[in-house]
Amino acid sequence: MKRIIVPIFMSLVLLLMPVLAEAHPGRTDANGGHYCRTNCAKWGLKNGEYHYHNGGSSNSKPAATAKPAVKPTAKPTAKPTATPAPTLLLPKKQNVGTLQVYFFDVGQGDSSLIRTPNNQYVLIDGGNNDQGKNVVKYLNALGVKTLDALVATHPDADHIGGLDDVLKALDVKSVYAPKVSNTTETYKDFLTAVKNEGRTIKAVTKGVTIPLTGVEAKFLAPIRTYGDNLNDWSAVLKITYKNKSFLFTGDAEKASENDMLADGMSLKADVLKVGHHGSSSSTSKAFIDSVKPQYAVISVGKNNYGHPDSGILTRLKNANTSVLRTDQKGTITAISDGSKITFTSTKGAK
(Lines give C-alpha, C1' and ligand atoms only; values in the text may rest on other atoms or scores of the structure.)
Protein backbone atom coordinates (compact mmCIF):
# COMPACT_ATOMS: atom_id res chain seq x y z
CA MET A 1 0.00 0.00 0.00
CA LYS A 2 2.85 2.34 0.87
CA ARG A 3 4.43 1.66 -2.50
CA ILE A 4 1.20 2.80 -4.23
CA ILE A 5 0.74 6.09 -2.21
CA VAL A 6 4.24 7.43 -2.82
CA PRO A 7 4.04 7.34 -6.62
CA ILE A 8 0.59 8.98 -6.51
CA PHE A 9 1.89 11.87 -4.28
CA MET A 10 4.86 12.49 -6.53
CA SER A 11 2.57 12.58 -9.57
CA LEU A 12 0.38 15.27 -7.91
CA VAL A 13 3.45 17.39 -7.11
CA LEU A 14 4.60 17.25 -10.72
CA LEU A 15 1.15 18.30 -11.91
CA LEU A 16 0.95 21.32 -9.51
CA MET A 17 4.44 22.72 -10.17
CA PRO A 18 3.38 24.95 -13.11
CA VAL A 19 0.69 26.59 -10.93
CA LEU A 20 3.04 27.15 -8.04
CA ALA A 21 5.62 28.57 -10.45
CA GLU A 22 3.10 31.20 -11.56
CA ALA A 23 2.26 32.31 -8.00
CA HIS A 24 3.99 35.26 -6.27
CA PRO A 25 4.55 33.87 -2.81
CA GLY A 26 5.80 35.78 0.24
CA ARG A 27 4.97 36.08 3.83
CA THR A 28 2.28 38.64 4.63
CA ASP A 29 3.07 41.32 7.10
CA ALA A 30 0.99 42.69 9.96
CA ASN A 31 -1.13 44.59 7.46
CA GLY A 32 -1.93 41.41 5.48
CA GLY A 33 0.12 42.34 2.43
CA HIS A 34 3.51 41.64 0.91
CA TYR A 35 5.83 42.62 -1.95
CA CYS A 36 5.64 40.89 -5.35
CA ARG A 37 8.75 38.89 -6.22
CA THR A 38 7.77 36.54 -9.13
CA ASN A 39 5.38 36.66 -12.10
CA CYS A 40 4.43 40.23 -11.10
CA ALA A 41 3.35 41.27 -14.63
CA LYS A 42 0.84 38.41 -14.77
CA TRP A 43 -0.91 39.95 -11.77
CA GLY A 44 -0.79 43.45 -13.16
CA LEU A 45 1.94 44.43 -10.72
CA LYS A 46 5.43 45.72 -10.99
CA ASN A 47 8.31 43.74 -9.64
CA GLY A 48 8.63 44.58 -5.93
CA GLU A 49 5.21 46.29 -5.76
CA TYR A 50 3.41 45.99 -2.45
CA HIS A 51 -0.04 44.36 -2.69
CA TYR A 52 -2.77 42.42 -0.92
CA HIS A 53 -4.61 39.24 -1.74
CA ASN A 54 -8.16 40.15 -1.00
CA GLY A 55 -10.30 37.93 -3.12
CA GLY A 56 -7.73 38.16 -5.91
CA SER A 57 -7.44 41.96 -5.85
CA SER A 58 -4.28 43.91 -5.21
CA ASN A 59 -3.29 47.23 -3.69
CA SER A 60 -0.12 49.01 -4.60
CA LYS A 61 0.38 50.69 -1.22
CA PRO A 62 0.36 49.38 2.31
CA ALA A 63 -2.72 50.28 4.27
CA ALA A 64 -2.14 53.43 6.23
CA THR A 65 -2.60 53.13 9.91
CA ALA A 66 -5.81 55.00 10.64
CA LYS A 67 -5.28 58.11 12.67
CA PRO A 68 -7.83 59.21 15.20
CA ALA A 69 -9.97 62.02 13.91
CA VAL A 70 -8.71 65.33 15.20
CA LYS A 71 -10.95 68.33 15.24
CA PRO A 72 -9.32 71.26 13.53
CA THR A 73 -8.01 73.72 16.04
CA ALA A 74 -10.12 76.83 15.89
CA LYS A 75 -8.15 79.93 15.17
CA PRO A 76 -8.25 82.39 18.01
CA THR A 77 -10.82 85.04 17.33
CA ALA A 78 -8.98 88.16 16.28
CA LYS A 79 -9.52 91.13 18.51
CA PRO A 80 -11.58 93.79 16.77
CA THR A 81 -9.41 96.57 15.47
CA ALA A 82 -9.86 99.58 17.69
CA THR A 83 -11.11 102.64 15.86
CA PRO A 84 -8.38 105.23 16.17
CA ALA A 85 -9.33 108.48 17.81
CA PRO A 86 -9.87 111.20 15.24
CA THR A 87 -6.88 113.45 14.75
CA LEU A 88 -7.32 116.78 16.48
CA LEU A 89 -7.19 119.50 13.83
CA LEU A 90 -5.26 122.40 15.31
CA PRO A 91 -5.81 126.00 14.25
CA LYS A 92 -2.94 128.04 12.86
CA LYS A 93 -1.61 130.96 14.83
CA GLN A 94 -2.23 134.21 12.95
CA ASN A 95 0.13 137.14 12.64
CA VAL A 96 0.23 139.60 15.49
CA GLY A 97 -1.45 142.97 14.98
CA THR A 98 -5.00 141.80 14.28
CA LEU A 99 -7.91 140.80 16.48
CA GLN A 100 -8.32 137.05 16.29
CA VAL A 101 -11.18 134.95 17.61
CA TYR A 102 -10.83 131.16 17.63
CA PHE A 103 -14.10 129.27 18.01
CA PHE A 104 -12.72 125.90 19.11
CA ASP A 105 -14.29 122.67 17.94
CA VAL A 106 -15.21 121.02 21.24
CA GLY A 107 -18.16 118.96 20.06
CA GLN A 108 -21.42 119.72 21.82
CA GLY A 109 -20.10 122.55 23.95
CA ASP A 110 -18.53 126.00 23.87
CA SER A 111 -15.01 127.36 23.97
CA SER A 112 -13.62 130.49 22.32
CA LEU A 113 -10.29 132.28 22.50
CA ILE A 114 -9.76 135.98 21.86
CA ARG A 115 -6.31 137.22 20.94
CA THR A 116 -5.95 140.99 20.86
CA PRO A 117 -3.64 142.93 18.51
CA ASN A 118 -1.39 143.49 21.54
CA ASN A 119 -1.11 139.76 22.19
CA GLN A 120 -3.46 139.53 25.16
CA TYR A 121 -5.60 136.41 25.54
CA VAL A 122 -9.14 135.86 26.84
CA LEU A 123 -10.65 132.36 26.98
CA ILE A 124 -14.44 132.04 27.12
CA ASP A 125 -15.54 128.60 28.39
CA GLY A 126 -13.73 125.29 28.03
CA GLY A 127 -16.14 122.69 26.68
CA ASN A 128 -17.13 119.49 28.46
CA ASN A 129 -14.97 117.50 30.90
CA ASP A 130 -13.61 115.29 28.13
CA GLN A 131 -12.61 118.33 26.06
CA GLY A 132 -10.32 119.98 28.59
CA LYS A 133 -7.16 118.36 27.27
CA ASN A 134 -8.12 119.30 23.71
CA VAL A 135 -8.62 122.92 24.71
CA VAL A 136 -5.15 122.88 26.29
CA LYS A 137 -3.77 121.43 23.02
CA TYR A 138 -5.44 124.22 21.06
CA LEU A 139 -3.92 126.81 23.37
CA ASN A 140 -0.48 125.22 23.19
CA ALA A 141 -0.64 125.14 19.39
CA LEU A 142 -1.38 128.86 19.40
CA GLY A 143 1.52 129.58 21.73
CA VAL A 144 -0.65 130.65 24.65
CA LYS A 145 1.15 130.41 27.98
CA THR A 146 -0.78 133.02 29.96
CA LEU A 147 -4.45 133.94 29.88
CA ASP A 148 -5.16 137.54 30.79
CA ALA A 149 -8.74 136.53 31.55
CA LEU A 150 -10.80 133.38 31.74
CA VAL A 151 -14.60 133.66 31.48
CA ALA A 152 -16.95 130.92 32.67
CA THR A 153 -20.27 132.01 31.16
CA HIS A 154 -22.39 129.81 33.48
CA PRO A 155 -22.06 126.53 35.47
CA ASP A 156 -23.26 124.08 32.79
CA ALA A 157 -20.77 121.22 32.25
CA ASP A 158 -20.51 121.71 28.48
CA HIS A 159 -19.12 125.19 29.14
CA ILE A 160 -16.97 124.83 32.26
CA GLY A 161 -16.10 121.11 32.23
CA GLY A 162 -12.67 121.60 30.68
CA LEU A 163 -11.69 124.74 32.57
CA ASP A 164 -10.02 122.89 35.44
CA ASP A 165 -7.58 121.39 32.91
CA VAL A 166 -6.88 124.87 31.54
CA LEU A 167 -6.32 126.31 35.00
CA LYS A 168 -3.87 123.53 35.83
CA ALA A 169 -1.94 123.90 32.56
CA LEU A 170 -1.68 127.68 32.12
CA ASP A 171 -1.10 130.80 34.15
CA VAL A 172 -4.45 132.59 34.48
CA LYS A 173 -4.40 136.20 35.66
CA SER A 174 -8.12 136.67 36.32
CA VAL A 175 -11.33 134.62 36.34
CA TYR A 176 -14.81 135.99 35.56
CA ALA A 177 -18.16 134.29 36.15
CA PRO A 178 -21.75 135.23 37.04
CA LYS A 179 -22.70 134.97 40.70
CA VAL A 180 -24.60 131.71 40.42
CA SER A 181 -23.49 128.30 41.65
CA ASN A 182 -24.21 124.65 41.02
CA THR A 183 -23.90 121.47 43.09
CA THR A 184 -22.32 119.29 40.39
CA GLU A 185 -18.88 117.73 40.75
CA THR A 186 -17.89 119.51 37.55
CA TYR A 187 -18.62 122.91 39.09
CA LYS A 188 -16.81 121.93 42.29
CA ASP A 189 -13.77 120.91 40.23
CA PHE A 190 -13.82 124.32 38.57
CA LEU A 191 -13.94 126.13 41.92
CA THR A 192 -11.13 123.96 43.31
CA ALA A 193 -8.95 124.68 40.26
CA VAL A 194 -9.54 128.43 40.65
CA LYS A 195 -8.58 128.23 44.31
CA ASN A 196 -5.46 126.20 43.55
CA GLU A 197 -4.46 128.83 41.01
CA GLY A 198 -4.59 131.38 43.83
CA ARG A 199 -7.40 133.35 42.21
CA THR A 200 -10.84 134.53 43.25
CA ILE A 201 -13.78 134.85 40.88
CA LYS A 202 -14.77 138.32 39.73
CA ALA A 203 -18.56 138.50 39.58
CA VAL A 204 -20.03 139.32 36.19
CA THR A 205 -22.96 141.67 35.80
CA LYS A 206 -23.94 144.21 33.18
CA GLY A 207 -21.26 146.90 32.78
CA VAL A 208 -18.25 144.96 34.11
CA THR A 209 -15.25 145.26 31.79
CA ILE A 210 -12.10 143.26 31.17
CA PRO A 211 -9.07 145.57 30.96
CA LEU A 212 -7.46 145.06 27.55
CA THR A 213 -5.20 147.33 25.50
CA GLY A 214 -6.77 148.73 22.33
CA VAL A 215 -9.86 146.50 22.59
CA GLU A 216 -13.09 147.10 24.53
CA ALA A 217 -14.44 144.04 26.37
CA LYS A 218 -17.72 144.75 28.15
CA PHE A 219 -20.28 142.43 29.73
CA LEU A 220 -23.89 143.15 28.72
CA ALA A 221 -25.50 140.48 30.91
CA PRO A 222 -26.68 139.09 33.24
CA ILE A 223 -28.76 142.15 34.02
CA ARG A 224 -30.66 140.61 36.94
CA THR A 225 -31.06 137.29 38.76
CA TYR A 226 -32.73 134.34 37.07
CA GLY A 227 -33.35 131.81 39.82
CA ASP A 228 -32.68 128.22 38.77
CA ASN A 229 -32.40 128.99 35.05
CA LEU A 230 -28.64 128.73 34.68
CA ASN A 231 -28.76 129.53 30.96
CA ASP A 232 -30.20 133.00 31.50
CA TRP A 233 -27.44 133.68 34.03
CA SER A 234 -24.95 133.47 31.14
CA ALA A 235 -22.24 136.10 30.98
CA VAL A 236 -22.74 137.93 27.65
CA LEU A 237 -19.55 139.62 26.44
CA LYS A 238 -19.16 142.16 23.63
CA ILE A 239 -15.70 142.67 22.11
CA THR A 240 -15.11 145.78 20.00
CA TYR A 241 -11.99 146.52 17.96
CA LYS A 242 -12.18 149.75 15.96
CA ASN A 243 -15.21 149.36 13.67
CA LYS A 244 -15.82 145.64 14.19
CA SER A 245 -17.41 143.76 17.08
CA PHE A 246 -18.22 140.27 18.35
CA LEU A 247 -21.02 139.22 20.68
CA PHE A 248 -20.62 136.08 22.83
CA THR A 249 -23.92 135.00 24.39
CA GLY A 250 -23.17 131.72 26.18
CA ASP A 251 -26.48 129.90 26.60
CA ALA A 252 -28.54 133.06 27.22
CA GLU A 253 -32.19 132.41 26.49
CA LYS A 254 -35.13 134.68 25.68
CA ALA A 255 -35.57 136.06 29.20
CA SER A 256 -32.01 137.40 29.21
CA GLU A 257 -32.30 138.50 25.57
CA ASN A 258 -35.49 140.42 26.38
CA ASP A 259 -33.78 142.12 29.33
CA MET A 260 -30.92 143.25 27.10
CA LEU A 261 -33.38 144.52 24.51
CA ALA A 262 -35.41 146.38 27.14
CA ASP A 263 -32.27 147.96 28.61
CA GLY A 264 -31.71 149.84 25.36
CA MET A 265 -28.00 149.01 25.13
CA SER A 266 -26.31 148.67 21.77
CA LEU A 267 -26.33 145.01 20.79
CA LYS A 268 -25.07 145.62 17.26
CA ALA A 269 -22.29 143.17 16.36
CA ASP A 270 -20.72 141.91 13.16
CA VAL A 271 -20.29 138.38 14.51
CA LEU A 272 -22.77 136.66 16.79
CA LYS A 273 -21.80 133.55 18.71
CA VAL A 274 -25.29 132.05 18.59
CA GLY A 275 -26.83 131.36 21.99
CA HIS A 276 -27.29 127.83 23.37
CA HIS A 277 -25.81 126.00 20.35
CA GLY A 278 -28.66 127.12 18.10
CA SER A 279 -31.48 126.02 20.41
CA SER A 280 -34.97 127.38 19.75
CA SER A 281 -34.90 128.76 23.31
CA SER A 282 -32.48 131.49 22.20
CA THR A 283 -31.82 133.87 19.30
CA SER A 284 -35.27 135.41 19.03
CA LYS A 285 -36.18 137.40 15.94
CA ALA A 286 -36.18 140.62 17.96
CA PHE A 287 -32.69 139.84 19.25
CA ILE A 288 -31.35 139.13 15.75
CA ASP A 289 -32.97 142.31 14.45
CA SER A 290 -31.13 144.29 17.13
CA VAL A 291 -27.75 142.58 16.71
CA LYS A 292 -27.89 142.60 12.89
CA PRO A 293 -25.00 140.14 12.56
CA GLN A 294 -23.26 139.68 9.24
CA TYR A 295 -21.93 136.35 10.48
CA ALA A 296 -23.20 133.84 13.02
CA VAL A 297 -21.05 131.09 14.54
CA ILE A 298 -22.74 128.05 16.07
CA SER A 299 -20.64 125.91 18.40
CA VAL A 300 -22.26 122.49 18.18
CA GLY A 301 -21.52 118.80 17.92
CA LYS A 302 -23.41 115.53 17.58
CA ASN A 303 -26.36 115.72 19.97
CA ASN A 304 -29.88 114.53 20.75
CA TYR A 305 -31.29 117.99 21.39
CA GLY A 306 -31.98 118.98 17.80
CA HIS A 307 -29.24 121.64 17.83
CA PRO A 308 -29.10 123.72 15.79
CA ASP A 309 -32.84 124.19 15.41
CA SER A 310 -34.00 124.43 11.80
CA GLY A 311 -36.19 127.42 12.69
CA ILE A 312 -33.17 129.32 14.02
CA LEU A 313 -31.19 128.53 10.88
CA THR A 314 -34.06 129.84 8.75
CA ARG A 315 -34.31 132.95 10.94
CA LEU A 316 -30.62 133.69 10.46
CA LYS A 317 -30.87 133.06 6.73
CA ASN A 318 -33.82 135.44 6.47
CA ALA A 319 -31.68 138.06 8.23
CA ASN A 320 -29.00 137.62 5.50
CA THR A 321 -26.59 136.25 8.08
CA SER A 322 -23.89 133.82 6.98
CA VAL A 323 -23.79 130.81 9.32
CA LEU A 324 -20.62 128.91 10.23
CA ARG A 325 -20.82 125.76 12.35
CA THR A 326 -18.04 123.99 14.21
CA ASP A 327 -19.56 120.56 13.49
CA GLN A 328 -19.09 121.32 9.79
CA LYS A 329 -16.03 123.59 9.75
CA GLY A 330 -14.05 122.40 12.76
CA THR A 331 -12.31 125.19 14.64
CA ILE A 332 -13.29 128.51 13.07
CA THR A 333 -10.94 131.50 13.14
CA ALA A 334 -12.11 135.07 12.59
CA ILE A 335 -9.41 137.67 11.82
CA SER A 336 -10.11 141.40 11.87
CA ASP A 337 -7.98 144.47 11.24
CA GLY A 338 -10.78 146.63 12.61
CA SER A 339 -12.33 147.39 9.23
CA LYS A 340 -13.03 143.92 7.81
CA ILE A 341 -13.33 140.33 9.01
CA THR A 342 -12.07 137.21 7.28
CA PHE A 343 -12.56 133.59 8.26
CA THR A 344 -10.62 130.38 8.03
CA SER A 345 -11.24 126.95 9.52
CA THR A 346 -9.50 123.65 10.14
CA LYS A 347 -11.83 121.88 7.70
CA GLY A 348 -11.44 124.35 4.87
CA ALA A 349 -11.64 128.07 4.31
CA LYS A 350 -15.02 129.73 4.08
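Buried means under 20% relative accessible area. The model used in these exercises is predicted.

**Exercise 1. Place strand β4 in its sheet.**

Task: State the strand order of the open sheet, then work outward from β4 (residues 112-115).

Solution:
- Start with the whole sheet. It is open, has eight strands and mixed pairing, and its order is β10-β9-β7-β5-β4-β3-β17-β18.
- Find the edges. β10 (201-204) and β18 (341-345) each pair on one side only.
- Add the twist. From one strand to the next it averages 20 degrees.
- Take one neighbour of β4. Strand β3 (residues 99-103) runs antiparallel to β4, and four bridges join them. F103 has S112 as its bridge partner in β4.
- Take the other neighbour. Four bridges also join β4 to strand β5 (residues 121-124), again antiparallel. Here R115 is bridged to Y121 in β5.
- Look at the connection. β4 and β5 make a hairpin with five residues between them. In the turn, N119 has a positive phi of about 65 degrees.
- Step past β3. Five bridges tie β3 to strand β17 (residues 332-336), and the two run antiparallel. Y102 pairs with T333 in β17.

**Exercise 2. Sort the side chains of β4.**

Task: Which side chains of β4 point one way, and which the other?

Solution:
- Recall the rule. Side chains in a regular strand alternate between the two faces of the sheet.
- Apply it. S112 and I114 point one way, L113 and R115 the other.
- Check burial. All four named residues, R115 included, are buried.

**Exercise 3. Classify two aromatic pairs.**

Task: The structure holds seven aromatic pairs. Classify Y176 with F219, then Y187 with F190.

Solution:
- Choose the descriptors. A ring pair is described by the distance of the centres and the angle of the planes.
- Set the limits. Planes under 30 degrees apart count as stacked, over 60 as edge-to-face, the rest as tilted.
- Y176 and F219 lie 5.9 Å centre to centre with 35 degrees between the planes, so the pair is tilted.
- Locate this pair. Y176 is in strand β9 (residues 175-178) and F219 in strand β11 (residues 216-221). The partners are 43 residues apart, so the pair links distant parts of the chain.
- Test burial. Y176 has a relative accessible area of 3% and F219 of 0%, so both are buried.
- Y187 and F190 lie 6.1 Å centre to centre at 45 degrees, also tilted.
- Locate this second pair. Y187 and F190 are about one helical turn apart, because they are three residues apart in helix α5 (residues 185-196). Both are buried.
- Place the helix. α5 lies across β7 (149-151), β9 and β10, at about 125 degrees to β10.

How values were computed:
Residues numbered from 1 in each chain as written. Predicted model: local features only at pLDDT ≥ 70, side-chain atom pairs only at ≥ 80, totals over all residues. Heavy atoms only, no water. Phe/Tyr/Trp six-rings, centres within 6.5 Å; stacked < 30°, edge-to-face > 60°. Buried < 20%, exposed > 50% of the residue type's maximum accessible area, 1.4 Å probe, protein only. Pairing = 2+ DSSP bridges. Axes fitted to C-alpha atoms, helices over the stretch in contact; angles between N-to-C directions. Contact = heavy atoms within 4.5 Å.
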